[in-house]
Amino acid sequence: MVDKDLARTKLTYITSNVTLLDGKSALPLQDFLNDIEQQYVVLHALQLAIQAAMDLAAHFVADEGWELPSRSGQVFSVLGERGVVSGDLASRLRTMASFRNLIVHEYGEINLKTVYEIWHKSLSDLKEFSAAVMNYIEDDPSEHT
């Protein structure tokens, strides 16, 4: 069974970073491209929110006793297969996990226009993930297989 307190803590962390990013979403692309401090804030908040989602997904898989995949981003696929999130959302979250890896491991090669697009398109995916996880942990555990 999923540790509900841990899940809520991770969800709060995701929400706080998404809220920060939402608050900056009116920043025009050109201003973002010209402001290194804004770039750092956005990149770091995206990284932290995505990492928290990955961590939470991994805890779900482990706590439920489901088979852990060999690649970290694949934990979202397991959640999709088990009905915690939709298959479509799981696919988008895997893409976000790959993006997080790019931020962490190859910062010099990041296209800032792409970051801006992901920032504006992906926050809804993190919100949808958070809502799905909350629904799952608040649901009757006897209904989960």
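**View 1. The N-terminal end of helix 1 is capped by Asp3.** In this predicted model, a side-chain oxygen of Asp3 lies 3.1 Å from the backbone nitrogen of Asp5, and in this way Asp3 caps the N-terminal end of the helix. Asp5 is also one of the residues of helix 1 that are exposed.

**View 2. Helix 1 runs over residues 4-23.** At 1.5 Å a residue, a helix of 20 residues should span 28 Å, and because the C-alpha atoms at the two ends of helix 1 are 28 Å apart, the expected span and the model agree.

**View 3. Helix 1 has a buried side and an exposed side.** Ala7, Lys10, Leu11, Ile14, Asn17, Val18 and Leu21 are the residues of helix 1 that are buried. They cover an arc of only 130° around the axis, and therefore they lie on the same side of helix 1. On the other side, Asp5, Thr9, Thr12 and Gly23 are exposed. The buried residues pack against helix 3, which covers residues 36-64, and against helix 6, which covers residues 112-138.

**View 4. The chain around helix 1 is built from 6 helices and 0 strands.** Read along the sequence, these elements follow the pattern α-α-α-α-α-α. The radius of gyration is 16 Å, close to the 15 Å that the globule rule gives for 145 residues, so the chain is as compact as a globular protein of that length. Of these 145 residues, 40% count as buried, and among the contacts with a separation of 6 or more, 69% are made by residues 24 or more positions apart.

Conventions
Residues are numbered from 1 along each chain as its sequence is written. This is a predicted model: local features need pLDDT of at least 70, side-chain atom pairs count only at pLDDT 80 or more; totals for chains, interfaces and linings use all residues. Side-chain values use heavy atoms; hydrogens and water are left out. Helices (H or I, at least four residues) and strands (E, at least two) are DSSP runs, numbered from the N terminus. The expected span of a helix is 1.5 Å times one less than its number of residues. Buried means under 20% relative accessible area, exposed over 50%, partly exposed in between (1.4 Å probe, protein chains only). The arc is that of the directions from the helix axis to the C-beta atoms. Contact means heavy atoms within 4.5 Å. A polar contact is a pair of N or O atoms within 3.5 Å; within protein, one must be able to donate a hydrogen and the other to accept it, and residues adjacent in sequence count only if both atoms are side-chain atoms. The radius of gyration is taken over C-alpha atoms; the globule rule is 2.2 Å times the number of residues to the power 0.38.
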